[in-house]
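Here is a friendly round of questions and answers about how the labels used for a structure are earned. Have the coordinates open and follow along.

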Amino acid sequence: MNFLSLFVLIPIFMILGLFISNNRKQYLIVMTLGASLLMIMSGIVTYMYLTERAAGNTAEMLFMADTVWYAPFNIHYSVGVDGISVAMLILSSIIVFTGVFASWKIDPLPKEFFLWFSLLSIGVYGFFITTDLFTMFMYYEIALIPMYLLIGIWGTGRKEYSAMKLTLMLMGGSALLLVGILGIYFGSGATTMNFLEIAKLHIPVEMQYYFFPLTFMGFGVLGALFPFHTWSPDGHASAPTAVSMLHAGVLMKLGGYGCFRVAMFLMPEAAHEMAWIFLILTGISVVYGAFGAIHQTDLKYINAYSSVSHCGLVLFAILMMNETATTGAILQMLSHGLMTALFFALIGMIYGRTHTRDIRLMGGLMKVLPFLGVSYVIAGMASLGLPSLSGFVAEMTIFVGAFQHSDIFHRVLTITAVSSIVITAVYILRVVGKIIFGPIYDKHHEELTDAVWYERLSVSVLIIAIFAMGSAPFWISSMIGESVAPILSQLIK
Amino acid sequence: MSELFSNFFSGSIPMEAYLGISLIMFFAGVYGFLTRKSLLMILISIELMLNAADINFVTFNRYLYPERLEGFYFTLFTIAIAACETAVAIAIIINIYRNLNSVEVGNLDQMKE
Amino acid sequence: MQYTLLILVLPLLSFIVLGLVDSKWKPKVAGTIGTIVLGIITALSYYTAFEYFTLHKVAGVYEKVIVYDMEWLRFTDALHINLGILLDPISVMMLVVISTISFMVNIYSLSYMDGEKGFQRYYAFLSLFTFSMLGLVVATNIFQMYIFWELVGVSSFLLIGFYYTKPSAVAAAKKAFIVTRFADLFFLIGILILSFYTKTFDFTILTAEHTTVFAGTTGITFMGFSVLSWAMAGIFIGGAGKSAMFPLQIWLPDAMEGPTPVSALIHAATMVVAGVFLVARFFPVYYFQTPEVLHGIAYVGAFTALFAAVIACVQTDIKRVLAFSTISQIAFMMVALGVSGYEGHEGTGYMASMFHLFTHAMFKALLFLGAGSVIHAVHSNEIKDMGGLRKYLPITNWTFLIACLAIAGIPPFSGFFSKDEILSASYEFSPFIGGLMTFVAALTAFYMFRLYYSIFWGKDYTIKASSHGHDDHGAGHTPHESPFAMAFPLIFLAAVTCVAGFIPFGEFVSSTGADYHIHINLTVAIVSVVVASISILIATMMYRKQSTTPDKLAKIFSGLYKGASNRFYIDEVYMFITKNIVFNNISRPIAWFDRHVIDATMDGFANTTQWVSLRIKGFQSGQLQQYAYVFLFGTLLIAVLLFIF
Amino acid sequence: MDYSSFLQMREELSLIGVMIFLLIFDIFASKNLIKYFQPIAFVLFAVHIILNCVPRDAFEVAGGMFQYHPMQTYIKTILNVGTLIVLLQAHKFLNNEENKIKRGEFYFLIFSTLLGMYLMISSGNFLLFFIGLETASIPMAALVAFDKYKNNAAEAGAKYILSAVFASSISVFGISLIYGSTGTVYFSDLATLITGTPLQIMAFVFFAVGLFFKISLVPFHLWTPDVYEGAQTNITSYLSVISKGSAVFVLFTLLVKVFGNLIDQWQPILWGLAVISITIANIFAIRQKNLKRFLAFSSISQAGYIILAIISGTAIGMTSLVYYVLVYVFSNLAAFGVLSVIEERTGKVALDDYNGLYQTNPRLSFVMMLALFSLAGIPPFAGFFSKFFVFAAAIDQGFYVLVFIALLNTIISLYYYLLVIKAMFLTKSETPIELIKSDFPLKLSLVICTMGIMLIGLFSAIYNQIAVFGFGI
């Protein structure tokens with residue numbers, strides 16, 4: 001029994017528990033316990049991981065385990081984590097944990113909500129622990145589908161349209177992905193679906209030219225790559241708070257993670273040849289998303305577009321293919337996950353009070369909701385890359401790393417991407433200035449009450465995480481850097 | 001052609017003649033199936049098609065492979081099967097007549113699209 | 001000298017504590033904590049200065065001491081952000097300045113901000129600012145500087161927007177942040193380029209005398225200029241943003257929306273000179289590697305000085321007048337750096353600019369605090385609500401006068417010495433710049449005394465002053481001198497202003513770190529004093545008593561007057577760029593494109609499918625025979641295709 | 001000749017035994033005994049399943065006219081289980097007053113079609129194959145027209161029998177040509193004798209369309225929706241799952257075993273048919289308002305996916321095919337089970353009637369959702385795995401484009417499956433279907449299906465077990 005399997009088993013047990021339970025408090029507690037357990041566990045994982053490394057462990061991954069599942073296709077249930085996955089696991093568990101608290105008063109059908117929510121988390125956790133292409137793809141799709149119901153039933157606004165659009169577009173992505181994965185498997189003539197093994201083989205270059213774009217785009221859709229990002233604004237805008245948190249916070253990271261772990265890791269030649277195409281696309285989405293955000297008036301839309309911009313940065317950095325930039329990309333995943341989750345949590349709480357997300361109909365909330373106001377400002381500052389908050393660390397690592405590229409084209413692109421920090425500042429401050437500061441716009445907002453304990457809890461956890469990452473980045477960045485190095489050596493060779 | 005006629009008059013009928021007949025029967029059946037209005041006529045056309053196949057079997061067996069009898073047996077079974085399906089079909093058609101008071105194939109379009 | 005670490009740690013702690021407890025403690029408690037902490041820091045930094053200047057002079061040269069250094073974030077083996085403390089003459093000097101002013105402001109605010117909502121928050125932000133400003137000046141590497149640079153920016157944002165319910169304040173805060181952020185973009189790009197070629201962030205390596213790190217950059221040019229020039233220019237733009245050089249000066253006047261002590265601390269004495277400090281920090285690089293950029297700095301500075309001075313002459317809001325004079329004075333420092341040489345006497349400009357930075361910090365803070373106490377008395381910023389206040393506010397009056405004399409460059413006040421050095425340096429660089437600067441000096445004297453007279457002299461104070469600002473006091477009460485907590489900083493700073501000029505500044509601060517003996521260049525000194533006195537006389541004639549000459553002049557130079565009083569419409573230009581170009585012509589089209597092109601294509605797929613489905617429903621006609629047709633057709637089609645291919 | 005060798009045909013014999021017993025029981029059983037008719041039938045049939053679920057060694061009977069291979073046991077068992085589920089679901093329907101008397105014939109007809117499929121599957125000779133085909137389809141027509149007072153049923157029956165016989169007459173004509181060109185109808189001989197002469201190709205096409213008709217591939221599918229809609233729902237499910245399952249298996253066997261030399265001909269044919277079947281069926285399905293028609297089109301596109309397994313013509317393809325049929329049986333029968341019980345009780349089959357079903361019947365709609373997800377190929381449900389293996393089998397032979405098109409179509413199919421889920425879960429309705437108390441057999445059948453959907457994928461043992469007899473021919 002492998003340790004990592006707990007990550008999948010605990011949510012499964014949670015689901016079963018929810019299934020049999022029927023009264024309200026009970027399963028909320030079950031859920032919360034489960035989530036916090038996961039948090040603790042991933043803490044342990046990280047700790048063990050670090051100690052093992054200190055003990056001079058040379059294994060690519062930790063807690064490797066491998067069980068044959070479908071022998072005819074060499075499909076194994078094989079797991080293993082390295083620094084990147086651990087970072088992602090920590091992120092996911094934090095967000096799941098806070099997400100539960102953010103959806104404390106979910107209504108209607110709370111039980112079903114948590115059922116789907118934990119199914120979603122199974123997908124997420126499984127995706128990060130597995131080292132087998134098939135299993136990875138399976139978890140990927142497991143994570144996609146609950147979205148439809150979560151948005152469709154508990155969402156707001158044009159929820160049915162958005163849910164359908166999101167599901168179908170992501171499905172389209174996974175269609176590309178599946179062809180890519182099968183192509184990798186059969187193309188490489190591998191006798192295993194474990195990508196660590198496949199990486200040792202060599203896929204014929206002309207095949208790579210077909211399958212690299214497919215795979216990269218397949219994951220890229222989830223990573224909000226430029227022309228395929230439109231699911232994200234609508235989807236996030238309609239989703240309930242916790243789902244937006246988990247989706248923007250973690251699910252979009254699956255894209256970047258996959259692009260790095262599968263597309264580029266397994267097909268380095270094609271990655272080198274074709275990087276420039278995707279670099280341009282991602283460069284576009286960085287700036288494009290930021291400019292798109294300026295013009296929105298719905299809080300969630302603003303945030304969704306800024307996510308497009310930030311996630312674009314992730315892919316952008318990955319494609320730079322050097323250690324610093326890639327480390328930055330992973331850091332950016334973490335930081336964006338945390339702060340966007342914080343954003344959506346806050347937006348949800350504000351919306352729950354004011355019943356509007358239109359920034360033109362709000363103002364001066366700082367006066368009535370000091371806690372939420374301050375937290376929103378902090379989130380904003382993190383998002384525009386204020387030092388001592390997570391955003392700064394990630395972005396600077398990316399920029400410095402990307403700028404170390406020897407080719408002038410890449411450096412110019414980097415400068416283009418850097419310019420997004422100003423635009424970010426513009427739209428963040430626009431919102432903060434409009435809804436948090438200034439005079440109270442709507443008289444009815446004067447009776448609003450500030451956050452209650454469980455809201456405070458979830459928000460504080462996120463803020464603390466953001467601060468911790470922003471002011472003491474060395475430990476996590478070193479952990480990630482160590483695990484990025486072998487993958488990049490594969491890429492650069 | 002002339003040789004065909006000569007064979008014809010000399011008594012032994014060439015295989016092509018049978019095949020021609022069966023082919024004509026078959027497509028006559030198809031034609032009937034496609035054009036006739038009455039279900040019964042359609043049923044009969046199907047019979048034509050089946051029998052065309054039977055003739056093929058017999059002919060081939062008789063002319064090409066006289067040493068084994070697979071063709072003949074096939075024919076026998078086909079005839080039997082044709083009888084069964086006619087029975088069932090007739091039953092259903094009667095049922096239709098009871099419900100619709102007509103056996104016009106054109107009326108069978110309650111369910112479409 | 002490990003204890004210098006406390007200088008950074010203490011204010012951070014006080015920020016965290018005050019920020020967390022926020023309104024749970026009594027305002028007084030928070031205020032006292034903040035002030036005491038600042039007091040300790042001030043003491044520490046004085047002691048540091050003393051110890052540094054006494055102990056760390058090796059072979060007649062002040063060495064750079066890195067007291068503390070830790071790796072904070074590693075990018076590559078060569079490039080990593082360290083957090084540490086670098087002590088050298090200028091950083092020590094800045095420590096003294098910042099802690100002093102900050103201390104004064106803390107004391108001052110105790111009574112000025114008394115009764116304001118969010119008093120605790122105010123002190124928390126003050127500590128945050130002090131922390132980040134101190135961190136900025138002691139930075140050991142350019143990235144640490146950038147980090148604290150940003151922190152300074154945000155704390156200034158928070159303090160300008162202190163009255164967050166006031167839309168104008170929020171707008172000003174936003175403007176300040178975004179403009180400086182825009183400049184920081186170039187700063188960052190500059191850092192990236194510099195670090196890419198030099199593979200280091202470290203000041204001690206970059207600014208060492210015969211450093212070799214720039215070997216890699218020789219001959220590499222981009223669009224005609226060497227990459228290094230681009231980098232340094234970018235870094236300067238960053239500095240220009242913070243120091244409000246033309247054309248990035250627009251945020252500073254609006255920043256006066258913040259509480260007056262804040263303006264004194266941030267927007268007069270400390271933060272705005274960060275740009276100057278940055279250029280001074282990089283001076284060797286500028287001087288040896290990219291002189292063309294250095295000269296560019298000189299010209300930008302000169303223009304800004306003139307530009308701001310002209311505007312200052314016609315503003316009617318006293319804080320804005322001071323703001324523009326600040327811009328112009330900082331421009332002086334920039335010019336001084338721009339014209340400066342390196343070795344020995346050549347290095348006058350460098351020394352002068354630091355000297356001026358020091359003196360200016362003192363007397364400009366004094367001016368602002370004085371203005372503060374005036375505003376506190378009459379509850380208005382507008383000149384027209386003032387006049388004849390000398391009877392009511394004696395202390396303010398005298399201290400203000402001293403400050404005015406100092407800034408006007410009248411001996412023996414500190415301003416005279418530093419400004420004189422700058423002028424002589426400029427003359428040595430080029431007579432034109434010299435002359436220009438002299439003229440600006442004259443203008444300075446003029447508008448300062450215009451301000452002085454119209455506050456304290458001119459028409460007698462009319463009790464029925466319509467009251468802006470704090471309406472709670474209501475109109476029509478006699479203005480009264482401020483309490484001691486406000487008066488003491490004024491007196492203290494005035495005293496400093498009187499004596500600061502006699503500090504042998506060159507002994508401590510010079511471009512090389514070696515001693516440098518100030519000697520007054522008599523011709524320049526006399527010229528400037530004369531010019532200054534003349535313009536003071538003019539101001540006296542025009543504003544001491546009420547007279548119609550100002551209006552007449554305004555009529556004569558109506559074009560200039562109008563332009564100047566509208567700050568030459570720079571803000572409008574910015575408005576146009578941001579609103580019409582960025583917002584309406586970039587962002588809106590993009591939003592539209594996203595909805596109606598990209599999204600529409602995605603929906604288009606769905607709609608097409610639906611449409612096709614509707615078109616082909618005829619196949620399923622329900623007619624048995626038509627089914628058979630299709631069946632047969634299919635069969636034959638397959639057969640035919642097989643035989644064709 | 002040793003007739004005892006006939007005793008080896010165990011499946012067929014035991015099924016015939018069950019049929020005869022039931023027939024006699026139905027006729028002669030007394031009033032108070034007759035009400036146990038269905039339980040007894042279930043038990044007997046279950047026994048029959050258990051007896052025949054163990055694969056044996058391959059053998060031949062009657063000079064190769066009947067060829068047995070272990071793989072056939074699997075496919076037959078799958079069909080048996082499917083049939084059992086259908087019977088369980090039909091239990092309530094057969095207890096209605098007007099149907100009580102017809103119970104016997106219902107079972108007899110169902111079993112005889114099943115017998116026909118057995119023969120079809122294990123035939124080693126075109127004659128036996130043809131007999132099996134007809135035995136499978138003629139009683140089916142009777143079943144389709146089972147409740148004879150419904151116009152739709154009668155119409156469906158007529159459409160079915162006529163087009164079925166039309167198809168089979170075309171294919172028997174094809175067989176006759178094959179016979180003519182080769183002189184034998186034994187598969188083992190034909191494999192070598194078929195060399196791809198024009199006549200043989202022609203004959204092959206004629207013959208194949210008969211099977212395409214049974215699998216209902218576009219353009220030979222037009223009868224499907226009408227018949228599915230007209231027939232009684234349990235019959236529809238039987239039609240859509242069991243007969244289709246047997247047909248695809250047989251098609252695969254024949255293509256490889258008999259027409260192996262024509263692979264260059266039939267691969268392109270199947271390529272085209274798969275593409276247009278999946279696409280056209282999907283495009284039709286998105287507009288359907290009647291759930292039975294809707295499922296008809298969905299089953300057509302599913303057939304298209306099965307072709308992906310056939311086209312590879314490899315052992316892996318065979319395994320994937322059987323596995324796909326297995327999963328398809330459970331998924332589709334779960335969907336049809338829900339459909340049938342709701343139609344049985346309320347007579348509602350329109351999509352809009354299902355609005356807000358979750359409020360009133362959470363369990364039913366949950367099962368329905370699982371079934372639809374499984375059909376759409378969503379993990380962790382079995383459908384995902386079967387689809388994946390089918391794709392893998394096709395890609396293994398290098399059909400990248402085909403798989404890509406199929407995958408793009410999964411998006412459309414997901415869309416219309418989600419439409420139903422949307423109706424059940426998202427859409428609110430003033431008049432939702434009231435709470436339905438389903439009887440025990442139905443519950444049982446749904447539980448079996450749900451278990452199947454949930455577990456088959458996760459337990460790889462099943463697939464591996466099937467894979468043991470890699471090439472089941």
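Q: What covers the buried residues of helix 9 of chain A?
A: The cover includes helix 7 (159-187), helix 11 (241-266), helix 12 (268-295) and helix 13 (299-320) of chain A. Helices here are DSSP runs of H or I with at least four residues, strands are runs of E with at least two, and both are numbered from the N terminus. This is a predicted model, where local features need pLDDT of at least 70 and side-chain atom pairs count only at pLDDT 80 or more, while totals for chains, interfaces and linings use all residues. Residues are numbered from 1 along each chain as its sequence is written, and chains are lettered from A and ligands numbered from 1 in the order in which they are written.

Q: Which residues of helix 9 of chain A are called buried?
A: Among them are Q208(A), F211(A), F212(A), L214(A), T215(A) and F216(A). The label goes to a residue with 20 or more other C-beta atoms within 10 Å of its own; 12 or fewer makes it exposed, anything in between partly exposed, and C-beta atoms are placed from the backbone.

Q: How do you know that the span of helix 9 of chain A agrees with the expected one?
A: The expected span is 1.5 Å times one less than the number of residues. Helix 9 (residues 205-222) has 18 residues, so it should span 26 Å, and its end C-alpha atoms are indeed 26 Å apart.

Q: Where does helix 9 of chain A bend?
A: The bend is at F211(A), by about 30 degrees, and the proline P213(A) follows within four residues. A bend is the angle between axes fitted to the seven residues ending at a residue and the seven starting there. After the helix comes A224(A), with a positive phi near 55 degrees.

Q: Why is S388(A) called buried?
A: S388(A) has 21 C-beta neighbours inside 10 Å, so it counts as buried. It sits in the loop between helix 16 (370-383) and helix 17 (390-403) of chain A. Its phi is near 80 degrees, a positive value in a residue other than glycine.

Q: Why does H379(C) count as buried?
A: Because H379(C) has 21 C-beta neighbours inside 10 Å, it earns the label. This residue belongs to the loop between helix 15 (348-378) and helix 16 (394-408) of chain C. Although it is not a glycine, H379(C) has a positive phi of about 55 degrees.

Q: What makes M113(C) buried, and which residues is it in contact with beyond its neighbours within four places in sequence?
A: With 21 C-beta neighbours inside 10 Å, M113(C) counts as buried. Its partners, leaving aside those sequence neighbours, are F119(C), Y122(C) and P259(C). Contact asks that the C-beta atoms of two residues, placed from the backbone, lie within 7 Å. M113(C) is found in the loop between helix 3 (89-112) and helix 4 (119-137) of chain C.

Q: What makes strand 1 and strand 2 of chain A a pair?
A: Pairing takes at least two bridges found by DSSP. Six bridges join strand 1 (residues 62-70) to strand 2 (residues 75-81) of chain A, so they pair, and they run antiparallel. One of the partnerships is Y70(A) with I75(A). The two strands form a hairpin with four residues between them, and N74(A) in the turn has a positive phi of about 55 degrees.

Q: Which pair of chains shares the most contacts?
A: Of the five pairs in contact, chains B and D share the most. That contact takes 34 residues from chain B and 32 residues from chain D. Helix 4 (70-100) of chain B is one of the elements that give two or more residues to the chain B side, and helix 4 gives the most, with 17 residues.

Q: How do the residues of the side of chain B that touches chain D divide?
A: They are 26 nonpolar, six polar and two charged. Ala, Val, Leu, Ile, Met, Phe, Trp, Tyr, Cys and Pro count as nonpolar, Asp, Glu, Lys and Arg as charged, and the others, Gly among them, as polar.

Q: How far apart are the closest C-alpha atoms of chain A and chain B?
A: They lie 25 Å apart, and no contact joins these two chains.
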